[in-house]
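This report describes how selected helices and strands are arranged in one molecular structure. Please consult the sequence and the structure shown below while reading.

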Amino acid sequence: MATPLPSPNPGLLFDTLNAYQKTAALVTAIELDIFTAVAEGSTTASALAERCTASERGTRILCDALTVMGFLAKDAGNYHLTPDSAAFLNRNSPAYLGSITGFLAAPELMDLYRDMTGPVRKGGSLAGLGTIAPEHPVWMQFARDMAPMMRMPAAALADLAGDSTKKVLDIAASHGLFGIAAARKSPSAEIFAVDWAPVLEVAKENAASAGISARYHTIPGSAFEVDLGEGYDVVLVTNFLHHFNPATNEAFLKKVHAALAPGGRVLTLEFIPNEDRVSPPTQALFALIMLGSTPEGDAYTFSELNGMFTRAGFSRSELVELPPAQRVVVSYR
């Protein structure tokens, strides 16, 4: 006997159309420092309202919503942190990620998705070059706000680079954490970071804080136009290729290939969906972000990326998992 189909339910439709309210609730909770207050012992709506200078009614409704969303737990009128919120949303946690709302929920980015019909019809952003416009100010905000989220993947990428690397090229270096992690992993490594000049000021600040300024060199400008140099053991291409179409990426990768020393490798960090392009969810949905914010960017599958690297002259590429949401393509000269 065939399994009966579930009855139609408009719940998914309702929840999705109201999803912007969840974004607003989380941003508000971070602004009010709700999670830190709970961690420090303010666990009732009244105590949180007093601590966070808000109304008790508003605080109760907000915290109940956060409980429904999975960011808080509630027991007998008391709120408690979940493992995720304790790790990432308590300001006193070393893994605090609250700053990323400054970039991910920035009005100028959210506005790109208020009319998705336009990008779907056009096949790309309605905002001209979108976020890939030269020296777009959003990348300064990215470098400042998103750095905490990149510490773990930067350390993982440094492990892949190894402890005997001598010369590393960091493409679209942003905050600089990927190159800095590689420098920490290999004490003899010289790092060469490429990005827009204002963004590189953030990277240089972080390199100074890490104590590696003497080994940290910058190449300001477009990665497509500047002289990258040569003789690199490792090139880091982190969250970059998804902004551009395959032909543009292939031309760029040929330039990277020429910059590598014999036996050199490229470590490419990306949101890479499975070949079905609908799983895993985070990687698959990243294509929608690119549709709204770039003219021709995409979330590329491994087979698509492998093809780009092969046509650019690389001998082979392999896929490495980097939980929880990204993957690395390791490509050999």
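Contact means heavy atoms within 4.5 Å, and helices (H or I, at least four residues) and strands (E, at least two) are DSSP runs, numbered from the N terminus. The model is predicted, so that local features need pLDDT of at least 70 and side-chain atom pairs pLDDT 80 or more, whereas totals for chains, interfaces and linings use all residues. Residues are numbered from 1 along each chain as its sequence is written, and side-chain values use heavy atoms, without hydrogens or water.

In H14, Pro-246, Asn-249, Glu-250, Leu-253 and Lys-254 meet Met-308, Phe-309 and Arg-311 of H16. By class, this contact has 4 nonpolar, 1 polar and 3 charged residues; Ala, Val, Leu, Ile, Met, Phe, Trp, Tyr, Cys and Pro count as nonpolar, Asp, Glu, Lys and Arg as charged, and the others, Gly among them, as polar.

| Helix | Residues |
|---|---|
| H14 | 246–259 |
| H16 | 302–311 |

The two helices pack at an angle of about 45°, with their axes 8 Å apart. H14 is therefore oblique to H16, a term for angles outside the ranges under 35 degrees (roughly parallel), over 145 (roughly antiparallel) and 65 to 115 (roughly perpendicular). Axes are lines fitted to C-alpha atoms, for helices over the stretch in contact, and angles run from 0 to 180 degrees between N-to-C directions.

An open sheet of 7 strands follows the order S5-S4-S3-S6-S7-S9-S8, with mixed pairing; strands pair if DSSP finds at least two bridges between them. Its edge strands are S5 (216–220) and S8 (316–322), and the twist averages 20° from one strand to the next. Within this region, S6 (residues 232–238) and S7 (residues 260–270) pair in the parallel sense over 6 bridges, and Thr-238 has Leu-269 in S7 as its bridge partner. H16 lies across S7, S8 and S9 (326–332), running at about 145° to S8.
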